[in-house]
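Reader: I would like a close look at the charged side chains in this structure that pair with one another. Please take me through that one part carefully, and then place it in the rest of the chain.

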Amino acid sequence: MLDHIPYLPYILSAFIGIGLAAATGFRVFLPMFAVSLASYFQWIPTHESFDWLSGLPALITTGIATVAEILAYYIPVIDNFLDTVSVPMATIAGSLLFASQFADLGTFSQWGLALIAGGGTAATISSGFAGIRAASTATTGGLGNSVVGTTETAGAGIMAILAMIVPVIAAFLAIATIIIIVILGRKALKKLKKRKETSNNV
């Protein structure tokens with residue numbers, strides 16, 4: 001019955017792409033490792049132009065990068081440094097994973113849509129958490145950063161799995177996450193500004 005829905009394959013691909021892009025907004029390499037692992041064991045299909053993701057070299061590389069990234073976010077100072085490069089990296093990773101779902105489209109349409117939807121989603125979530133971490137560093141001296149880091153890792157894992165299993169739910173969660181992140185990010189930045197203004201007035 002669902003086969004009669006117009007453009008259903010593209011709609012599902014968009015849901016999967018948005019979910020994976022959102023996951024890279026939390027952690028850059030964990031979603032890529034999840035996709036590489038799933039495609040390596042043929043749990044999910046992979047388009048021939050993205051066969052490199054299902055290869056053993058990509059699986060090992062993304063696996064090592066995932067572990068290194070997760071551990072690095074628990075090291076003071078380094079976690080804040082990573083925030084400065086996480087947004088562009090998340091944008092690239094989000095665009096890449098989104099584009100992998102639209103390999104049948106023309107190159108321009110595929111990557112144009114990937115940059116806007118995939119890259120935009122990843123960049124918004126990544127920058128939002130960077131703002132939250134900056135506020136956490138300023139207000140807790142970095143003690144609360146581990147909580148933020150754990151939340152990001154859990155979010156990346158859950159979102160990546162949902163994107164591959166139940167993409168509709170993943171897409172809605174991604175949209176909800178963006179809204180929440182934007183709200184929390186703005187509140188965190190306001191608190192940070194007030195704290196700076198207070199310290200300057202003293």
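Author: What follows starts with the chain as a whole, turns to the salt bridges, and then moves outward to the aromatic rings and the surface.

The model is a predicted one, and its chain holds seven helices and zero strands, so that read from the N terminus the order of elements is α-α-α-α-α-α-α. The radius of gyration is 18 Å, close to the 17 Å that the globule rule gives for 202 residues, and the chain is therefore as compact as a globular protein of that length. Along its principal axes the C-alpha trace spans about 65 × 35 × 30 Å, and buried residues make up 45% of the 202 residues.

Against that background, the part you ask about comes to three salt bridges, and these link Arg27, Asp83, Arg133 and Glu152 in a network.

One of these bridges joins the side chains of Arg27 and Glu152, with 3.1 Å from N to O. Arg27 lies in the loop between α1 (8–26) and α2, whereas Glu152 belongs to helix α6 (residues 145–165), so this pair ties together parts that are 125 residues apart in sequence. Both Arg27 and Glu152 are buried.

Another bridge is formed by Asp83 and Arg133, whose closest N and O atoms are 2.6 Å apart. Because Asp83 lies in helix α4 (residues 78–99) and Arg133 in helix α5, this pair ties together parts that are 50 residues apart in sequence. Here too both partners, Asp83 and Arg133, are buried.

The side chains of Arg133 and Glu152 also meet in a salt bridge, with 2.2 Å from N to O. This pair links distant parts of the chain, with Arg133 in helix α5 and Glu152 in helix α6, 19 residues apart. Why do Arg133 and Glu152 count as buried? The cut-off for a buried residue is under 20% relative accessible area; Arg133 is at 0% relative accessibility and therefore counts as buried, and Glu152, at 3%, counts as buried because that value too is under the cut-off.

Arg27 has a further neighbour besides its carboxylate partner, for this arginine lies over the face of Tyr73, at 3.9 Å from the ring centre. Helix α5 (residues 107–140), the helix of Arg133, is also where Ala122 is found, and Ala122 is buried, with a relative accessible area of 0%. From Ala122 to Leu184 the separation is 62 residues in sequence and 16 Å in space, C-alpha to C-alpha.

Moving on from the charges to the rings, the structure holds five aromatic pairs. Among them is the pair of Tyr40 and Phe41, which is edge-to-face, with 5.1 Å centre to centre and 90° between the planes. Phe41 also pairs with Trp43: the ring centres are 5.2 Å apart and the planes stand at 20°, so this pair is stacked. As for their accessibility, Tyr40 counts as partly exposed at 33%, Phe41 is partly exposed with a relative accessible area of 44%, and Trp43 counts as exposed at 61%. Elsewhere, ring pairs link Tyr10, Phe98 and Phe102 into a cluster.

Gln42 deserves a separate word, as this residue has a positive phi of about 60° although it is not a glycine. Its place is in the loop between α2 (29–40) and α3 (56–72). Gln42 is at 71% relative accessibility, and because over 50% is the cut-off for exposed, Gln42 counts as exposed.

At the surface, finally, Leu12, Val168, Phe172, Ile175, Ile179 and Ile183 make a nonpolar patch of about 540 Å². Helix α7 (residues 167–201) gives the most to this patch, with five residues, and Ile179 is a residue that lies in helix α7.

To return to your request, the network of salt bridges comprises Arg27, Asp83, Arg133 and Glu152, with Arg27 and Glu152 buried and Asp83 and Arg133 buried as well.

Conventions
Residues numbered from 1 in each chain as written. Predicted model: local features only at pLDDT ≥ 70, side-chain atom pairs only at ≥ 80, totals over all residues. Heavy atoms only, no water. Patch = residues over 30% accessible without salt bridge, like charges linked within 9 Å, V, L, I, M, F, W, Y side chains within 5 Å. Areas by Shrake-Rupley, 256 points an atom, 1.4 Å probe, with all protein chains shown as cover. Salt bridge = Lys/Arg side-chain N within 4 Å of Asp/Glu carboxyl O. Helix = DSSP H or I, 4+ residues; strand = E, 2+ residues; numbered from the N terminus. Phe/Tyr/Trp six-rings, centres within 6.5 Å; stacked < 30°, edge-to-face > 60°. Buried < 20%, exposed > 50% of the residue type's maximum accessible area, 1.4 Å probe, protein only. Lys NZ or Arg CZ within 6 Å of the ring centre and 35° of its normal. Rg over C-alpha atoms; globule rule 2.2 N^0.38 Å.
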